[in-house]
Amino acid sequence: MLMGLHDILAAVVDPEEREAIRRDFLRRMDEKRKLFGEPDTSDIPEVTDFSHFVRGKSHFDAMRAHNLRVQAEREERAKLEEAILTK
């Protein structure tokens, strides 16, 4: 199981030891940042065009109409089957 800094600090009872662990963690993160630098995010495109936004109401209306058609067809079939069985 992976433990984060929060989990480790929660398990430590002594406040001085907790502070020493926190300082050591921050020191190691700074060393890592100095070695590898900041992550390169230049290849992630920035979203600038929101014109592809579509409201959901039209989709829900189409689904509702389809469901009503299917329900009407099922009721019609049930009536026909009932009529055939009662003859």
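# A tour from Asp-24 outwards

Select Asp-24 to begin: with a relative accessibility of 26%, this residue counts as partly exposed. That label covers everything between buried (under 20% relative accessible area) and exposed (over 50%), using a 1.4 Å probe and the protein chains only.

Before moving on, a word about what is on your screen. This is a predicted model, in which local features need pLDDT of at least 70 and side-chain atom pairs count only at pLDDT 80 or more, while totals for chains, interfaces and linings use all residues. Residues are numbered from 1 along each chain as its sequence is written, and side-chain values use heavy atoms, with hydrogens and water left out.

**Stop 1: the whole chain**

Zoom out and colour by pLDDT, the predictor's confidence in each residue on a scale from 0 to 100. The protein chain has a mean pLDDT of 86, and 98% of its residues reach 70 or more. Where pLDDT is low, predicted coordinates should not be read in detail.

How many helices and strands can you find? The protein chain has three helices and zero strands, so called from DSSP runs (H or I, at least four residues, for helices; E, at least two, for strands) numbered from the N terminus. Following the sequence, you meet the pattern α-α-α. The chain is more spread out than a compact globule, because its radius of gyration is 32 Å, well over the 12 Å that the globule rule gives for 87 residues. The radius is taken over C-alpha atoms, and the rule is 2.2 Å times the number of residues to the power 0.38.

Turn the model around: along its principal axes, the C-alpha trace spans about 90 × 40 × 20 Å. Buried residues make up 2% of the 87 in the protein chain. Show the surface, and you are looking at about 8,900 Å² of accessible area, with 59% of it belonging to carbon and sulfur atoms; such areas come from the Shrake-Rupley method with a 1.4 Å probe, and for residues only the protein chains shown count as cover.

**Stop 2: the helix ends of the confidence scale**

Now select residues 5-11, which form helix 1, the element with the lowest mean pLDDT (84). Then jump to residues 57-86: this is helix 3, whose mean of 93 is the highest among the elements.

**Stop 3: charges and helix 2**

Colour the charged side chains. There are 16 positive and 19 negative ones, and the centres of the two sets lie 5 Å apart. Lys and Arg count as positive and Asp and Glu as negative, leaving out His and the chain ends; each charge is placed at NZ of Lys, CZ of Arg, CG of Asp or CD of Glu.

Side chains of opposite charge can pair when their charged atoms come close. The structure holds eight salt bridges, each a side-chain nitrogen of Lys or Arg within 4 Å of a carboxyl oxygen of Asp or Glu.

Go back to Asp-24. Which residue does its side chain meet in a salt bridge? The partner is Arg-28, at 3.3 Å from N to O. Arg-28 is exposed, with a relative accessible area of 51%. Asp-24 and Arg-28 are four residues apart in helix 2, so about one helical turn separates them.

Add Glu-31 and Arg-27, whose closest N and O atoms are 2.8 Å apart in another salt bridge. Glu-31 is partly exposed at 41%, and Arg-27 is partly exposed at 41%. With Asp-24, Arg-27, Arg-28 and Glu-31 all selected, you have a network linked by salt bridges.

Next, pick Arg-23 and Glu-19, which form a salt bridge at 3.9 Å, N to O. Both lie in helix 2 (residues 15-36), four residues apart. Glu-19 is partly exposed at 31%. Draw a line from Glu-19 to Leu-9: ten residues apart in sequence, their C-alpha atoms are 8.6 Å apart.

**Stop 4: two histidines in helix 3**

Select His-59, which lies in helix 3. Is His-59 buried or partly exposed? It is partly exposed, with a relative accessible area of 49%. From His-59 to Val-13, the C-alpha distance is 55 Å, with their positions 46 residues apart in sequence.

Finish at His-66, also found in helix 3 and partly exposed at 42%. Its C-alpha atom is separated from that of Phe-50, 16 residues away along the chain, by 29 Å.
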